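Please open the structure in a viewer and keep the sequence panel visible. The tour below proceeds by selections, each followed by a description of what is found there.

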Amino acid sequence: MAAKLIVTLPLPVLQQGHVVFAPGLPDTDRALNGLRMGAVIKVALWFDEPFWWTPQRQELGFLSTSGQPFPVLWTTYPVIAPLLLAWLAGPAAAALSNLDDDELVERALRTVDKVFKVRSGARLRHRALHNWQRDPLAGGAYSYVAVGGEGSQRALAQPVANTIFFAGEATDWTGHHATVHGALATGYRAAREALGEEVRH
């Protein structure tokens, strides 16, 4: 039996009761109620060549594609590679999260076709999808504070009886929540707490 526990589970896993603490943790439950998980769908498209780079577009890194199924496209700039990332977030991503992978890829390709005026489907070589809402071990992509939930991140980060320590981007209140930075930083913070080092809350 371990003397201490560091919990790094995603927010929805904790909120939906997939893990039960006995006795209960009412302060932790209140903190969880003040946080939400955001939806993101990301489609990585690998083509035969990076046709979006032209003499007129040599430093293309990010495109806002207003009105398209995927409103954001990223390139690999400054590295030149035949990879585009199509990105969709928020309520629009939640609304499409139950579509199958083929339909999501089709909508991403439709965006590429419209923006670059090409027929990209025939040039597609590989694809990969990240639809975190459909992953039962994630439940979403990033956390945010709900209306009225101010202070919930800090509250969730509070150790319980010097035994249970919470980490993960949802426990970061320094501005790096919803990021890998926040996940890493809170992991270090929880480890220091578990080792008995002084940490400012």
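In which loop is Lys 117 found? Select Lys 117 and follow the chain to either side: the residue belongs to the loop between α4 and β7, the latter covering residues 124–131. The model is a predicted one. Although Lys 117 is not a glycine, its phi is positive, at about 55°. Lys 117 counts as exposed because its relative accessibility is 73%, and the cut-off for that class is over 50%.

**The whole chain**

Now select the whole protein chain and colour it by secondary structure. Six helices and nine strands make up the assignment. The C-alpha trace spans about 60 × 35 × 30 Å along its principal axes. The chain has 201 residues, of which 36% count as buried. Among contacts between residues at least 6 apart in sequence, 66% join residues at least 24 apart.

Switch to a surface representation. The accessible surface of the chain comes to about 11600 Å², and carbon and sulfur atoms account for 55% of that area. Colouring by charge brings out 18 positive and 18 negative side chains; the centres of these two sets lie 4 Å apart.

**The largest pocket**

Which residues lie closest to the centre of the largest pocket? The pocket itself has a volume of about 340 Å³. Its lining consists of 20 residues, and those closest to the centre are Pro 10, Gly 168, Glu 169, Ala 170 and Ala 183. Select these five residues to place the pocket on the surface. Next, highlight α1 (11–15) and α6 (180–194), each of which supplies at least two lining residues. The largest contribution comes from α6, with three residues.

From α6, step back along the chain to Ala 178, in the loop between β9 (164–166) and α6. Ala 178 has a positive phi of about 70° although it is not a glycine. With a relative accessibility of 34%, Ala 178 counts as partly exposed.

**Two cis peptide bonds**

Select Ala 22 and Pro 23 and display the backbone atoms. The peptide bond joining these two residues is cis, with omega about 0°. Pro 23 has its place in the loop between α1 and α2.

The second selection is Tyr 77 with Pro 78. The peptide bond from Tyr 77 to Pro 78 is also cis, and its omega is near 15°. Here the proline sits in the loop between β5 (72–74) and β6 (83–89).

**Helix α2**

Return to α2, which comprises residues 26–33, and select Thr 28 within this helix. Is Thr 28 buried or exposed? Thr 28 is buried, because its relative accessible area is 6%, and the class is defined as under 20%. Leaving out residues up to four places away in sequence, Thr 28 touches Leu 156, Val 160 and Phe 166.

Move along the helix to Asn 33, which also lies in α2. This residue is exposed, with a relative accessible area of 57%. Add Gly 149 to the selection: Asn 33 and Gly 149 are 116 residues apart along the chain, yet their C-alpha atoms are separated by 7.6 Å.

**Two buried loop residues**

Select Ala 39, which is found in the loop between β2 (35–38) and β3 (40–47). Ala 39 counts as buried, at 9% relative accessibility. What is Ala 39 in contact with, leaving aside its neighbours within four places in sequence? The contacts are Leu 88, Ala 89, Gly 90, Ala 93, Ala 94, Gln 133 and Tyr 142. A distance label between the C-alpha atoms of Ala 39 and Ser 143 should read 9.2 Å, for a pair 104 residues apart along the chain.

The final selection is Ser 97, in the loop between α3 (91–96) and α4 (101–116). Ser 97 counts as buried, at 8% relative accessibility. Not counting residues up to four places away in sequence, Ser 97 touches Ile 41, Asn 131, Gln 133 and Arg 134. Keep Gln 133 displayed at the end, for this residue is among the contacts of Ser 97 and also among those of Ala 39.

Terms used: Residues are numbered from 1 along each chain as its sequence is written. This is a predicted model: local features need pLDDT of at least 70, side-chain atom pairs count only at pLDDT 80 or more; totals for chains, interfaces and linings use all residues. Side-chain values use heavy atoms; hydrogens and water are left out. Helices (H or I, at least four residues) and strands (E, at least two) are DSSP runs, numbered from the N terminus. Buried means under 20% relative accessible area, exposed over 50%, partly exposed in between (1.4 Å probe, protein chains only). Contact means heavy atoms within 4.5 Å. Accessible areas come from the Shrake-Rupley method with a 1.4 Å probe; for residues, only the protein chains shown count as cover. Lys and Arg count as positive and Asp and Glu as negative; His and the chain ends are not counted. The place of a charge is taken as NZ of Lys, CZ of Arg, CG of Asp or CD of Glu. On a 1 Å grid over the protein atoms alone, a cavity is a set of points where a 1.4 Å probe fits but cannot get out, and a pocket is an open set with protein on both sides within 12 Å along at least five of seven lines; lining residues have an atom within 4 Å of a point. Grid points are joined across faces, edges and corners, and a volume is the space filled by probe spheres set on the points.
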